[in-house]
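Hi everyone, thanks for coming. I'll walk you through one structure today, so have a look at the screen and we'll go through it piece by piece.

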Amino acid sequence: MKIALSGIGKIARDQHIPALEASEDWELAATISRSGQVEGVEHFTDLGAFLEARPDIEVISFCQPPVPRYALARQALEAGRHVMLEKPPGATLAEVHDLARLAGERGRTLYTTWHSRMAAGVSVAKDWLATREVTGGRIDWIEDVKQWHPGQDWVFEPGGLGVFDPGINALSILTEILPRPVFLTEATLEVPENRQTPIAAQLQFTQGIEARFDWREAGPPTWNMEIETAEGSVKLIRGGSRVEIAGEAVETGPHAEYPALYERMAELVLHGTQDVDLAPMVLVADAMSLGRRESVAAFEW
Ligand code: NAP
């Protein structure tokens with residue numbers, strides 16, 4: 001199937017383009033971007049012009065940050081296209097509900113992707129936890145914003161989520177692997193005095209699970225999660241690319257998050273269905289709603 005990629009920035013180049021080039025399901029037939037192009041692929045700078053010129057390309061994958069993405073996704077659905085969204089699927093929950101309603105009315109696919117759920121260890125952890133009672137857990141999602149989002153001011157603007165931009169990846173895994181739903185009970189948000197969104201957060205959830213997200217750590221990132229049960233714990237390491245059960249490493253399939261997302265999108269389009277899950281975003285919205293704010297040192301790149 002032909003697909004267009006909209007928003008040719010960091011994640012489009014790092015992951016989407018290589019995944020599409022390697023895919024047997026998809027042909028990258030056009031790009032839509034104000035700033036970037038892919039050699040040998042037809043290029044548009046404006047979504048409206050693309051929709052007019054290429055009615056044969058029925059699927060569009062949007063790779064913008066959350067705030068500018070909604071209006072574009074709506075325009076695409078109104079023009080009868082299937083839509084795939086980077087995470088987080090929107091700047092607000094209501095706008096994603098609006099897109100899902102519109103997709104349903106038009107009989108189009110909307111896929112709110114969560115790439116971290118495709119990490120190799122996630123399904124292993126989910127299967128192991130399925131028959132067990134969770135007694136506690138700990139998430140550490142710690143990295144250097146200067147390394148992972150160099151100069152991307154949108155992460156510190158309203159709707160950019162701050163440290164929840166990576167943190168929501170952990171929450172997408174958590175909400176996938178737990179056998180019972182989890183919700184937030186307490187949060188502390190550390191917001192630089194010159195910015196709008198948190199640079200660090202401490203979160204407490206039901207089922208005895210706590211999390212620390214921090215963007216101020218230079219050096220290699222820590223993306224780990226350990227969920228405890230009476231029969232030992234399952235540990236997801238390096239964003240879920242490795243998994244240990246009761247201290248023993250477990251073999252997994254290959255680690256290929258974005259190829260798996262595009263495989264899933266192909267299935268959804270072929271079967272005419274949607275995949276819209278807002279559970280990770282609900283936890284972030286609740287942290288923003290309930291969290292105690294602390295003003296911390298100004299942040300500059
Ligand atoms: P980015 O490079 O800063 O921006 C991606 C593209 O979005 C830009 O090329 C630009 O599109 C468009 N854009 C940016 N700001 C815009 C604005 N204010 N108005 C309209 N368009 C705007 O961002 P990114 O790092 O790729 O992240 C994009 C999304 O992917 C985010 O939701 C992020 O959470 C997710 N993601 C990022 C990473 C990562 O490592 N960076 C990893 C996984 C997921 P044009 O092409 O039109 O110029």
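Let's start with the two centres: averaged over C-alpha atoms, the middle of domain 1 and the middle of domain 2 sit 27 Å apart. Keep in mind that this is a predicted model. So where do those domains run? Domain 1 covers 2–112, and domain 2 is made of 120–253 + 284–296. As for how they meet, 8 residues of domain 1 make contact with 11 residues of domain 2.

Okay, zooming out for a moment. The protein has 9 helices and 15 strands. If you follow the C-alpha trace along its principal axes, you get about 55 × 45 × 35 Å. Is that what we'd expect for a chain of this length? Well, a compact globule of 301 residues would have a radius of gyration near 19 Å, and the protein has 19 Å, so the two agree. Buried residues account for 51% of the 301 residues. And here's one on contacts: take those with a separation of 6 or more, and 72% of them link residues 24 or more positions apart.

Now for the pockets. How much volume does the largest pocket have? About 1,200 Å³. It's lined by 46 residues, and the ones closest to the centre are K10, I11, C63, E86 and Y258. Several helices chip in here: α1 (10–22), α2 (47–53), α3 (66–78), α7 (164–177) and α8 (257–271) each supply at least two lining residues. Which of them gives the most? That's α3, with 5 residues. By character, the lining splits into 18 nonpolar, 17 polar and 11 charged residues. Both domains take part too, since the lining draws at least three residues from each of domain 1 and domain 2.

On to the second largest pocket, which holds about 230 Å³ of space. Here the lining is 18 residues, and nearest the centre you'll find A91, P158, G159, L161 and M288. Strand β8 (184–192) and helix α9 (279–290) each bring at least two residues to that lining, and α9 has the largest share, with 4. The split this time is 11 nonpolar, 5 polar and 2 charged. Where does this pocket lie relative to the domains? Domain 1 and domain 2 both give residues to its lining, so the second largest pocket lies between them.

Last stop, a single residue: T206. You can find T206 in the loop between β9 (200–205) and β10 (209–214). Is T206 buried or exposed? Its relative accessible area is 17%, and buried means under 20%, so T206 counts as buried. Who does T206 touch, once we skip its neighbours within four places in sequence? The partners are P181, V182, F183 and T185. For a sense of distance, try T113: T206 and T113 are 93 residues apart along the chain, and their C-alpha atoms are separated by 25 Å.

To recap, then: we have domain 1 and domain 2, with a pocket of about 230 Å³ that lies between them because both give residues to its lining. We also have the largest pocket, at about 1,200 Å³, with α3 giving the most to its lining. And there's T206, buried in its loop at 17% relative accessible area. That's me done, thanks for listening!

Key: Residues numbered from 1 in each chain as written. Predicted model: local features only at pLDDT ≥ 70, side-chain atom pairs only at ≥ 80, totals over all residues. Heavy atoms only, no water. 1 Å grid on protein atoms, 1.4 Å probe; cavity = no way out; pocket = protein on both sides within 12 Å on 5 of 7 lines; lining within 4 Å. Points joined across faces, edges and corners; volume = space filled by probe spheres on them. Nonpolar A, V, L, I, M, F, W, Y, C, P; charged D, E, K, R; others polar. Domains from an automatic or database assignment. Rg over C-alpha atoms; globule rule 2.2 N^0.38 Å. Buried < 20%, exposed > 50% of the residue type's maximum accessible area, 1.4 Å probe, protein only. Contact = heavy atoms within 4.5 Å.
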